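Here are my notes on the model you sent over, point by point. Have the structure open while you read.

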Amino acid sequence: MSKEFYYTIAKPFRAEQKIKGSKFIASVANVSTRDEALQFLEQIRSEYFDATHNCFAYRLGAEGLDVRFGDDGEPNGSAGKPILFSIKKYDFSDIIVVVTRYFGGTKLGVGGLSRAYSSTTELALSQCEKKIIHITFPIRVLCSYEDVSNIKKLISELAVSATEDYKDSVEFIVNIHQSRIEEFERKVIASTNGRAGVFPL
């Protein structure tokens, strides 16, 4: 069965911690495109222009396959990858995490850096409010006024959301999971004795 929803974060969030004198700040945002992700990265780089490093990872799309990360001068693989790994661990997509580091004088080593970047990311993600993104398909329903209550009942039972437009007849644009489309179409026809029309968009 195709995927019907995934999770992102409801709103931006920030968390910070100190590790052996270095300050790590995780800034998290909901983004839906690469341009939005890179724009947020530049925003953080501008805000923390005096930081030692601004490392990041983002993950986009329903399957979370569009990913990118960067170490911003930290040893290769010690920052961006751990951030991305933590994003995947929490199963978020349409998200970017930028972890800013102010060096505190003590070197952490590659292993220590990996743990610091992942733990700072997880400190933020563990406190983020989850938001569900439904993967739906639009269906157009045309019906008479006498059938509106029947259609609304089916929408409440089977659909995620819908809009209504009342003119000579009533038009609904119904957003529905793929697995429910066939059942919805069948019930619309049955409950209106074939008076309503159902059209994929």
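**Notes on the fold**

1. Let's start with a helix pair: helix 2 passes helix 3 in a right-handed crossing (right-handed means that the near helix is turned clockwise from the far one by less than a right angle, left-handed that it is turned anticlockwise). Helix 2 covers residues 80-89, and the two pack at an angle of about 35° with their axes 8 Å apart. Axes here are lines fitted to C-alpha atoms, for helices over the stretch in contact, and angles run from 0 to 180 degrees between N-to-C directions. Helices (H or I, at least four residues) and strands (E, at least two) are DSSP runs, numbered from the N terminus.

2. Before going further, the ground rules. This is a predicted model, where local features need pLDDT of at least 70 and side-chain atom pairs count only at pLDDT 80 or more, while totals for chains, interfaces and linings use all residues. Residues are numbered from 1 along each chain as its sequence is written, and side-chain values use heavy atoms, with hydrogens and water left out.

3. Who touches whom between helix 2 and helix 3? Helix 2 brings Pro-82, Ile-83, Ser-86, Ile-87 and Lys-89, and helix 3 brings Ser-114, Tyr-117, Ser-118, Thr-121, Glu-122 and Leu-125; contact means heavy atoms within 4.5 Å. By class, the contact of helix 2 with helix 3 has five nonpolar, four polar and two charged residues. For the classes, Ala, Val, Leu, Ile, Met, Phe, Trp, Tyr, Cys and Pro count as nonpolar, Asp, Glu, Lys and Arg as charged, and the others, Gly among them, as polar.

4. On to the rings: a search of the whole structure finds five aromatic pairs. Rings of Phe, Tyr and Trp (its six-membered ring) pair if their centres lie within 6.5 Å; planes under 30 degrees apart count as stacked, over 60 as edge-to-face and the rest as tilted. One of the pairs is Phe-24 with Tyr-117, edge-to-face at 5.2 Å centre to centre and 90° between the planes. Phe-24 sits in strand 3 (residues 22-30) and Tyr-117 in helix 3 (residues 109-125), so the pair ties together parts that are 93 residues apart in sequence.

5. Now the five-stranded sheet. This open sheet has the order 2-3-6-4-5, with antiparallel pairing; two strands pair if DSSP finds at least two bridges between them. Strand 2 (13-19) and strand 5 (66-70) are the edge strands, each pairing on one side only. The twist averages 15° from one strand to the next. Strand 4 (residues 53-60) pairs with strand 5 in the antiparallel sense over five bridges, and Leu-60 stands opposite Asp-66 in strand 5.

6. Which strands does helix 1 touch? Helix 1 (residues 34-47) packs on that sheet, touching strand 2, strand 3, strand 4, strand 5 and strand 6 (95-102), and its direction makes about 160° with that of strand 4. Helix 3 also packs on the sheet, touching strand 2, strand 3, strand 4 and strand 6, with its direction at about 145° to that of strand 2.

7. There is also an open sheet of four strands, in the order 9-10-8-11 and antiparallel. Strand 9 and strand 11 (197-200) stand at the edges with a single partner strand each, so one side of each is left without a neighbour in the sheet. The twist averages 20° from one strand to the next. Strand 8 (residues 137-143) is joined to strand 10 by seven bridges, and Leu-142 stands opposite Glu-171 in strand 10.

8. Helix 4 packs on this sheet, touching strand 8, strand 9 and strand 10, and its direction makes about 10° with that of strand 10. Helix 5 packs on the sheet too, touching strand 8, strand 10 and strand 11, at about 5° to the direction of strand 8.

9. A hairpin of three residues joins strand 9 to strand 10. Strand 9 (residues 161-166) and strand 10 (residues 170-176) pair over six bridges, in the antiparallel sense; Thr-163 has Ile-173 as its bridge partner in strand 10.
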